[in-house]
Amino acid sequence: MLQKGFLLASIGGLVAMVACAPAHAAERAWAPSTCGAEPQAPVVDVSSVEKYNVSVDRVSAYEKAARTYNACVSRIAVKEETAISNEAREKIAYIHDGSTAVQQRIGANFTQLTSALKVGGARLQKAAH
């Protein structure tokens, strides 16, 4: 018995899962060490009904393993990306706080200097008349 619909649905699901990944992801070397090895796609043999059915079973097993592996990779990636994002946010906040403090000091200095010049200029103008 041919399992046509199942094979097509399985392949469609795998294509949709892979299509969500960036195109350049395969060029990168990052992989989580805790997810094990990435499952290898089976070879499909359609030379006979029996071999076709064995291929369907292998694709089904691959789909299950690939989905499990992908879920692990996604979970670890989100965890690592969040850690990086939090670290970056802390570094940015540190820099922002330092920059803000400088701007406030300079602003306060300008306010104080402008006030001193106004008072001094008024005093000098009054003394000149």
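**Notebook: helices and one disulfide**

I started with burial in this predicted model: 16% of the protein's 129 residues count as buried.

Next I looked up the surface. The accessible area of the protein is about 10,300 Å², and carbon and sulfur atoms hold 63% of that.

Then secondary structure. I get two helices and zero strands for the protein.

I also checked how contacts spread along the sequence. Taking contacts between residues at least 6 apart, I find that 77% of them join residues at least 24 apart.

On to the cysteines. How many disulfides does a search of the whole structure find? My search came back with one. The partners are Cys 35 and Cys 72, and their sulfur atoms sit 1.9 Å apart. I noted the handedness too: the angle about the S-S bond is -85°, which goes down as left-handed for the Cys 35 and Cys 72 link.

Which parts of the protein does this pair tie together? I placed Cys 35 in the loop between helix H1 (4-19) and helix H2 (49-128), while Cys 72 belongs to helix H2 itself. The disulfide therefore links loop and helix across 37 residues of sequence. A reminder to myself: such a link is a covalent bond between the sulfur atoms of two cysteines.

Last entry: are the two cysteines buried or exposed? I used the cut-off of under 20% relative accessible area for buried. Cys 35 has 15% relative accessibility, so I count Cys 35 as buried. Cys 72 comes out at 10%, so Cys 72 goes down as buried as well.

Technical notes
Residues numbered from 1 in each chain as written. Predicted model: local features only at pLDDT ≥ 70, side-chain atom pairs only at ≥ 80, totals over all residues. Heavy atoms only, no water. Helix = DSSP H or I, 4+ residues; strand = E, 2+ residues; numbered from the N terminus. Buried < 20%, exposed > 50% of the residue type's maximum accessible area, 1.4 Å probe, protein only. Contact = heavy atoms within 4.5 Å. Areas by Shrake-Rupley, 256 points an atom, 1.4 Å probe, with all protein chains shown as cover. Disulfide = S-S within 2.5 Å.
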